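Student: Hi! I have a structure open and would like to talk it through with you. Could you keep me company while I look around?

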Amino acid sequence: MTTTLRDAVALSERPARPSPVSTTLTFGWRALLKIKHVPEQLFDVLVSPIIFTLMFTYLFGGALAGSTQAYIQFLLPGILVQTILFVTIYTGYTLNTDISKGVFDRFRSLPIWRPSPVVGALLGDTVRYTIASVITITLGLILGFRPDGGVLGVLLGVLLLLVFAFALSWTFIILGLLVRSPNAVMGISMMVLMPLTFASNVFVDPATMPSGLRAFVGVNPVSHLVTAVRGLMAGRPDAAEIVWVLIASVVLTAVLGPIAMRIYRTRT
């Protein structure tokens, strides 16, 4: 009887080990399923772009540009950048949630490519970035945004933004691996992003700022990103700024990615 059962469950061949691509895509699909089963995760993605766009357009548009129609042309690319950068926080937040629930240890014990859970989560979060981009641009078009760069300029601007967001997400992955709770990840991340986004050229031209603040805005990476996206959407691409954003994205990924994976492997 024992021999019969052993023969029934025995495998004639050991299953092939899954490839890094397949495991990464599996974890990316897991990230999307989490959105499906916990739709509240999309609340900020859906609501924040609408609130920020409407609030700044109608509160400051007339005062800063003379009309909301004129201001939305300047504002929308900046609001798009701000929205996507805020969404990147959730990469570290969800990773820390997995750690606090013990799922993290289970993933590390699986015979898979070690970075798969992290890279897969990043790919899944790219869907959130895309949704937020579509909502922000659609609302902008309703309010009167007319990009001179056309559809191609908008798509290139969004693509450049997604590349930078993917690279920036490694920062919050490291944070998610180091701090003790998801709420701490959210709080610290907001403290980092708020000064970077508001002390930038997202809302106003830096030429009107005091010299000290203007100097900070000039070296602020968010300002470089906004200028590059704004130029693409306006049909006047700034090659220097685009190259700056691409190089910064490569450097962030090359430096922070290995650091994040080292912490991921050694964390106890």
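Student: How many aromatic pairs does the structure hold?

Tutor: Happy to help! Bear in mind that this is a predicted model. The structure holds 9 aromatic pairs. One of them joins F56 and F198, with ring centres 6.5 Å apart and 50° between the planes, which makes the pair tilted.

Student: Which helices do F56 and F198 lie in?

Tutor: F56 lies in helix α3, while F198 lies in helix α9, which covers residues 182–198. The two residues are 142 apart in sequence, so their pair ties together distant parts of the chain.

Student: And is F56 buried or exposed?

Tutor: F56 counts as buried, because its relative accessibility is 9% and the cut-off for buried is under 20%. Its partner F198 is partly exposed, at 35% relative accessible area.

Student: What about F166 and W170, what sort of pair do they form?

Tutor: That one is edge-to-face, with 85° between the planes and 6.5 Å centre to centre. Both residues sit in helix α8 (residues 150–178), and since they are 4 residues apart there, about one helical turn separates them. W170 is buried, with a relative accessible area of 6%, whereas F166 counts as partly exposed at 22%.

Student: Nice. Which residues form the aromatic cluster?

Tutor: F52, F56, F60, F86, F198 and F203 form one cluster. You'll recognise F56 and F198 there from the tilted pair.

Student: Changing topic: what lies over the face of F74?

Tutor: That's R230, at 3.8 Å from the ring centre.

Student: And on the surface, which residues form a nonpolar patch?

Tutor: I51, M55, L59, F60 and L64 do, and together they have about 460 Å² of accessible area. F60 also belongs to the aromatic cluster. As for L59, it lies in helix α3, residues 43–65, and is exposed, with a relative accessible area of 55%.

Student: Last one: which residues does UniProt list as "transmembrane region"?

Tutor: The unreviewed UniProt entry lists residues 42–65, 71–95, 116–145, 151–178, 185–204 and 242–264.

Student: How much of residues 71–95 is helix in the model?

Tutor: That span is 96% helix and 0% strand, and its end C-alpha atoms lie 38 Å apart. Residues 242–264 are 100% helix with 0% strand, and there the end C-alpha atoms are 32 Å apart.

Technical notes:
Residues are numbered from 1 along each chain as its sequence is written. This is a predicted model: local features need pLDDT of at least 70, side-chain atom pairs count only at pLDDT 80 or more; totals for chains, interfaces and linings use all residues. Side-chain values use heavy atoms; hydrogens and water are left out. Patches are made of residues with over 30% relative accessible area and no salt bridge: like charges are joined within 9 Å, nonpolar side chains (Val, Leu, Ile, Met, Phe, Trp, Tyr) within 5 Å. Accessible areas come from the Shrake-Rupley method with a 1.4 Å probe; for residues, only the protein chains shown count as cover. A salt bridge is a side-chain nitrogen of Lys or Arg within 4 Å of a carboxyl oxygen of Asp or Glu. Buried means under 20% relative accessible area, exposed over 50%, partly exposed in between (1.4 Å probe, protein chains only). UniProt positions are given in the numbering used here, feature names are shortened, and annotations may be inferred rather than shown by experiment. Rings of Phe, Tyr and Trp (its six-membered ring) pair if their centres lie within 6.5 Å; planes under 30 degrees apart count as stacked, over 60 as edge-to-face and the rest as tilted. A charge sits over a ring if NZ of Lys or CZ of Arg is within 6 Å of the ring centre and within 35 degrees of the ring normal.
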